[in-house]
Structure formats: structure tokens, C-alpha cells
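This report asks the reader to examine the sequence and the model side by side. Please keep both in view while reading.

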Amino acid sequence: MSTPESQLSILLDDPGRSALLSDIDGTLCRIVDRPENARVPAKATKSLDVLCERLGLVACVTGRPALVGRSMVGAEGVTYFGNHGLELLRPGDEQPEIRLDSEQVDRAARFIADNDSPVWVEAKIRLEDKGPIQALHWRGAGPRTEALVRQIADHAIAVDLTAHWGRKVLELRPPDMEGKAGAVERLLAANGFETVVFAGDDKTDLEAVRRLQEMRDMGQIPNLLVVAVGSSEGPEELFERADVLVTESDEWIALIARLAAHDA
Ligand SMILES: [Mg+2]
């Protein structure tokens, strides 16, 4: 029988032409009430460090700023695509390369500065400044807060920002941002990888998965394996499209660890 472990080992068939891509929050660590308290287990860091030595590419594609992603994961050989692809931080780089027009960079932050009110704090909305993307978290708050967040989203859309909904989080982004779909395509396009494994848990990951599966269908990725971390909050379509469904981030980390421990 084909186990998730044996499915994942396709990365080692031709490791130099294999890429491992993973989301961070909800995938390499558990979702917690306050995003600043999320911790990537040391086992994940160690395993990714080992795999960086063996695979053609190991990348984390995250909604966090790229530098935050690197400090959370801690693996120096990993490429970090931050803010859903707006920032590319290669191993050894001190600062990420920003892939956005300068006038778009602070649009969402200006919207927050113009509209933030004490009512937001009372409603237990927590702001996360992700540079070009501004996130409003409401985990732990009730339906009234969610209704308020929906009003804020409507207002943001009216002034030409885009609203992206995640697991108890609204992200306000500049328009025309391609998100993780554009990120994975750019990461993979020029390199001719034979085998790609992608893991994620949320809507932004679904965008990436749709694009990866299109690339596979067009013959650009001969072997593609999609891993989804299941939850009651994640998008059903992601789970339907996944080749491997795990129940929590620790299970994904255990798979990575076994892959790293696999004989070279
Ligand atoms: Mg996630």
C-alpha cells in the first residue's frame, strides 16, 4: 500500500531536480490565537536544514513577511517567499527582493491608518502589519466582530483594495497581487523541476495548488504531490485536490522528518 511517507519519497528519486514547498502557519506550526505566539517546532527546522542540502529547492511560501518567515522557521538554506509572494528572500540574502510597484506598497497600511478606530480594539480585532498586506485577526472573538470585519472589508474593496479571507483573518492587499499562485510559478518556472511537493492548509494555498495542478496538466511539472493539513476552517476544495491529507501540522512535520532521515 502506498503510504504518505512512500509518496513523499519521490522527492529523493532525483533530489537535485526536486522542490519541496511549504506554507508556514497551520502547516509547519499550529495556528494560535495571536500570530506572534506561533512557534515552528525545532524538529521541522532540523529536517528542513537537512533537506536543503539534498533537494534542488526547499522553500516556504507564506503570508508573513519573508524575514519573519525565516526567523520563525530558522532554516538558513530555505528560500522564503513572503507576503504571499511579494517578497523573495534567498538563502544568505539580508533583505528580501520586493516585487511590487512602489505606490502600491503602503496602500493597505494607509487604509488602516485612516480607518482604525477604538471600536476595533473593543471588538478584539488584532492588527498585524505585514508591510504591503495588513491583516485583521479575530480568532476568539464572536459573530459581532466578524460582522464588523465584513464591513471593514466592504469599505476596503470600495477604495480598490482586495480582501482575502483566511482562517479567522482578513487580509487587505493591494490590487493585482497574484498571491501564492504567482509565487510558486515564479519559483518553479525557470528551474525545470521534475518533482514538486507542496503543502498548505488555507485558501491562499488553494490558489497555489490550482496553479501547480495546471502546470502539471500542461506537462511543466511531471510529478506533483499536494499535501493538505485538514481543519474545519480550511477550504474544502484544497482537501479535495490534495493527494495526501494530514490532520495537523505535527503530522506534516513528522513526514518531513522521516524524509530527512531517509538514506541518501
Ligand atoms: Mg497557512
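On one side of helix α2, Ala42, Lys46 and Glu53 are exposed, where exposed means over 50% relative accessible area, buried means under 20%, and partly exposed lies in between (1.4 Å probe, protein chains only). The buried residues of α2 are Ala44, Thr45, Ser47, Leu48, Leu51 and Cys52. These buried residues lie on the same side of α2, because they cover an arc of only 170° around the axis; the arc is that of the directions from the helix axis to the C-beta atoms. They pack against β1 (18-22), β2 (57-61), α3 (66-73) and α11 (249-261).

Helix α2 itself covers residues 42-54, which makes 13 residues. From its first C-alpha to its last it reaches 19 Å, close to the 18 Å expected at 1.5 Å a residue; the expected span is 1.5 Å times one less than the number of residues.

This is a predicted model, in which local features need pLDDT of at least 70 and side-chain atom pairs count only at pLDDT 80 or more, while totals for chains, interfaces and linings use all residues. Residues are numbered from 1 along each chain as its sequence is written, and side-chain values use heavy atoms, with hydrogens and water left out.

The protein chain contains eleven helices and twelve strands; helices (H or I, at least four residues) and strands (E, at least two) are DSSP runs, numbered from the N terminus. Of its 264 residues, 52% are buried. Its C-alpha trace spans about 55 × 35 × 35 Å along the principal axes. Among contacts (heavy atoms within 4.5 Å) between residues at least 6 apart in sequence, 63% join residues at least 24 apart.

The interior can be described through its nonpolar cores, each a set of buried Ala, Val, Leu, Ile, Met, Phe, Trp, Tyr and Cys residues joined through side-chain atoms within 4.5 Å. The largest has 36 residues, of which Leu8, Leu28, Leu48, Val73, Val227 and Trp252 touch the most other members. The elements giving two or more residues to this core are α2, β2, α3, β10 (195-200), β11 (223-229), β12 (244-246) and α11. Helix α11 gives the most to this core, with six residues. Apart from this core lies another, of 26 residues, among them Leu21, Leu88, Phe198 and Met215.

Which residues supply the protein donors of the magnesium ion? They are Asp23 (OD), Asp25 (O) and Asp201 (OD), lying 2.1 Å from the ion; donors are N, O and S atoms within 2.8 Å of the metal (3.2 Å for Na, K and Ca), and sites may look incomplete because water is not among the atoms. Two of these residues link distant parts of the chain: aspartate 25 is in the loop between β1 and α2, and aspartate 201, 176 residues apart from it, is in the loop between β10 and α9 (203-217). Aspartate 25 and aspartate 201 are both buried.

Most residues other than glycine have a negative phi. The table lists two residues with a positive value.

| Residue | Phi | Loop | Relative accessible area |
|---|---|---|---|
| Histidine 84 | near 55° | between β3 (79-82) and β4 (87-89) | 4%, buried |
| Lysine 168 | about 55° | between β8 (162-166) and β9 (169-173) | 33%, partly exposed |
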